[in-house]
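Grab a pencil and get ready to work through a few short exercises. Try each task yourself before you read the solution.

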Amino acid sequence: MTDFKKIIIFTILVIYTIFEIGPFVWITFMSFKTTEEFYESPYSLPLHPHFEKYPVVWIDYNYSTYFLNSAIIVGGAVLIILVLGSMAAYFFAKFSFRFSEMIFQIIFLSIMFPPQVRLISLYQMLVEYHLINTRIGLMLVYASTQLPFSIYVLRTFFESIPRDLLDAAKIDGCSEWKAFWRIMFPVARPGLTAITILNFVMLWNEFLFAVTFISSDSKRTLPLGVMRFLGEHYEDVCMVATGVMIAVIPILIFYIIFSEKFIEGMTVGSIKG
Amino acid sequence: MKNKKVILIFLLPALVFYILFILYPVFRTFYNSFFKIGAFRIKYVGLKNFREIVKDEIFWKSAKNTLIWAGASIVLEIGTAFLLALALFNKIWLHRFFRVAWFVPVLIPYIVTGIIWLWIYNYDWGVLNTILRTIGLRNFVVPWLGNPKTALPALIVGTTWMWTGFNMVILLAAMHSIPHTIFDAAKVDGANSFQIVTKVMIPLLRPTFSNLVVLCFIGKMRVFDMVWVTTEGGPLWSTETVATYIFKRAFKWNVYDLGYPSALATLWFIVIFVISLILGRLIKGSEIYEY
């Protein structure tokens with residue numbers, strides 16, 4: 001490539017980067033301004049940053065509750081998937097019985113299922129079992145949502161672990177159960193980390209199930225809180241921006257520190273044909 | 001005997017959970033679609049719900065919108081992602097930074113993407129109209145999300161902004177996994193760089209393209225949040241998607257019937273399933289190039 005061509009392509013890429021990242025910079029600025037300041041000059045730097053807006057949103061506007069709910073619900077769901085999913089994936093990788101491949105194929109196909117096909121019936125189920133508008137109900141739904149994909153991805157990870165390792169453990173007198181938790185589980189850690197990151201981000205951002213199954217303010221997750229806040233403070237854009245920042249900051253901080261791990265986690269399973 | 005115990009311990013918990021929270025609900029939705037389900041009364045109606053769908057203009061409008069969304073996204077997201085990946089593949093300056101930066105929108109909730117674009121399209125102070133006013137194109141200033149003609153394309157730009165980075169990362173990884181000797185061989189045979197891309201690289205990336213097209217398609221067939229936070233399907237159903245319509249019929253309109261939206265969900269499920277399978281087969285093609 002000639003240098004001239006390179007400069008043109010580079011310029012295009014810089015403009016594209018502004019397009020992708022600019023909105024975040026803008027919202028970050030907004031989150032430190034008051035709405036009056038914003039209407040005067042929407043694009044200026046926050047020269048007198050209002051840091052106090054963050055504690056106001058966090059405490060007075062209930063974001064601490066939303067944050068805690070998100071953490072409990074998503075954390076619980078991710079744990080359930082980690083335990084159930086890795087055990088099942090390990091089974092599909094190392095054992096089989098007559099219908100095991102068929103069962104795996106059905107589980108694999110259900111990755112394609114749109115959430116709408118379960119939305120209404122899950123609503124009925126949760127009502128029947130008095131789990132509607134509870135954290136535990138949403139947690140169970142979340143765990144099930146990501147379970148098929150997690151099993152699919154983890155299976156390939158367990159398959160890549162050599163059989164000898166397992167045999168050696170058994171000779172040393174380990175039961176299947178112990179061999180799994182003491183040896184396979186730790187060895188599969190890269191895969192488990194990747195899938196946990198993916199599940200965490202997907203569920204942290206989930207909205208449809210949350211808005212359908214949760215109705216009381218004290219149980220809202222962050223996306224619901226942001227949505228409600230937008231509805232009530234539609235004109236107070238800079239306050240909304242502060243709320244948005246609280247919802248995305250945890251993930252963005254982790255991303256800045258572990259970007260490669262994150263990219264690996266978010267794309268795991270989609271790279272192989 | 002021992003194998004049975006293994007099945008029980010390792011597979012059973014996940015399997016029970018899967019049947020309870022995925023298989024059963026899916027079949028219950030299928031079953032529901034043959035009933036009218038009020039708050040207190042359930043009545044079998046046979047295929048009546050499906051006959052109603054055929055005549056339901058809002059459904060057809062929303063199906064059309066959703067399919068346009070999916071089609072446009074496949075071209076825009078994957079096309080842009082391919083060009084970007086190509087630039088990074090050639091190790092342009094700052095390519096590591098670009099890769100990490102473009103991926104950021106993938107990580108944020110759709111709700112936030114919605115709010116961001118709601119503000120970018122704001123009539124008075126939004127970024128787009130500000131730019132148009134600054135460069136003197138005042139005639140093009142419109143309320144982007146308030147106009148039935150521009151609302152859907154405007155939202156499609158939003159989801160493209162969000163997902164292009166994801167497609168780019170996967171294409172880039174696939175490009176790197178092609179052995180470099182293949183490109184060298186093509187060069188020795190006298191291929192120019194354009195030919196190398198079109199005749200060597202794209203055919204080799206076909207399985208990856210196939211995966212990305214199916215993923216993009218499935219993702220857009222369920223678009224809900226983005227619409228819900230910005231337009232709620234308006235103006236004049238111009239951004240109504242099947243997902244928002246099912247949600248409205250089930251939980252927002254006071255029609256007290258869960259049967260009809262279940263029928264919608266069942267039908268849409270079948271549509272997604274069939275089209276994904278066809279798309280996957282079509283693009284993957286019969287010839288798989290090995291390397």
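The exercises below go from overall make-up to single helices and then to the contact between the chains.

**Exercise 1. Find out how far you can trust what you see.**

Start with the kind of model: this one is predicted. Next, check the complex as a whole, where the predictor gives an ipTM of 0.91 and a pTM of 0.92. Then zoom in on chain B, which averages a pLDDT of 91, with 96% of the residues scoring at least 70. Finally, look at the extremes within chain B: strand E2 (residues 42–44) has the lowest confidence, at a mean of 87, while helix H3 (residues 57–89) has the highest, at 96.

**Exercise 2. Describe the overall build of chain A.**

First, count the elements: chain A has 14 helices and 0 strands. Second, get the dimensions; along the principal axes, the C-alpha atoms fill a box of roughly 75 × 65 × 35 Å. Third, ask how much is tucked away: 45% of the 273 residues of chain A count as buried. Last, look at how the chain meets itself. Among contacts in chain A with a separation of 6 or more, 77% join residues 24 or more positions apart.

**Exercise 3. Take a close look at helix H6 of chain A.**

Begin with its length. H6(A) covers residues 116–128, 13 residues in total, and reaches 19 Å from its first C-alpha to its last, close to the 18 Å expected. Now check whether the helix is straight or kinked: there's a kink of about 25°, centred on A:Leu122. A:Leu122 is also one of the buried residues of H6(A), along with others including A:Val117, A:Ile120 and A:Met125. To finish, step past the helix to A:His130, which follows H6(A) and has a positive phi, near 55°.

**Exercise 4. Work out where the buried residues of helix H9 of chain A sit.**

List them first: in H9(A) (residues 176–187), A:Glu176, A:Ala179, A:Phe180 and A:Met184 are buried. Then look down the helix axis. The buried residues of H9(A) fall within an arc of 100°, so they line one face of the helix. Here's the background: an α-helix has 3.6 residues a turn, so residues three or four places apart point the same way.

**Exercise 5. Characterise the contact between chain A and chain B.**

Count both sides first: 69 residues come from chain B and 63 residues from chain A. On the chain B side, helices giving two or more residues include H1, H7 and H13 of chain B. H1(B) gives the most, with 17 residues. Now sort the chain B side by type: 57 residues are nonpolar, 9 polar and 3 charged.

Definitions and conventions. Residues are numbered from 1 along each chain as its sequence is written. Chains are lettered from A and ligands numbered from 1 in the order in which they are written. This is a predicted model: local features need pLDDT of at least 70, side-chain atom pairs count only at pLDDT 80 or more; totals for chains, interfaces and linings use all residues. Helices (H or I, at least four residues) and strands (E, at least two) are DSSP runs, numbered from the N terminus. The expected span of a helix is 1.5 Å times one less than its number of residues. The bend at a residue is the angle between axes fitted to the seven residues ending there and the seven starting there. A residue is buried if 20 or more other C-beta atoms lie within 10 Å of its own, exposed if 12 or fewer, and partly exposed in between; C-beta atoms are placed from the backbone. Two residues are in contact if their C-beta atoms, placed from the backbone, lie within 7 Å. pLDDT is the predictor's confidence in each residue, from 0 to 100. The arc is that of the directions from the helix axis to the C-beta atoms. Ala, Val, Leu, Ile, Met, Phe, Trp, Tyr, Cys and Pro count as nonpolar, Asp, Glu, Lys and Arg as charged, and the others, Gly among them, as polar.
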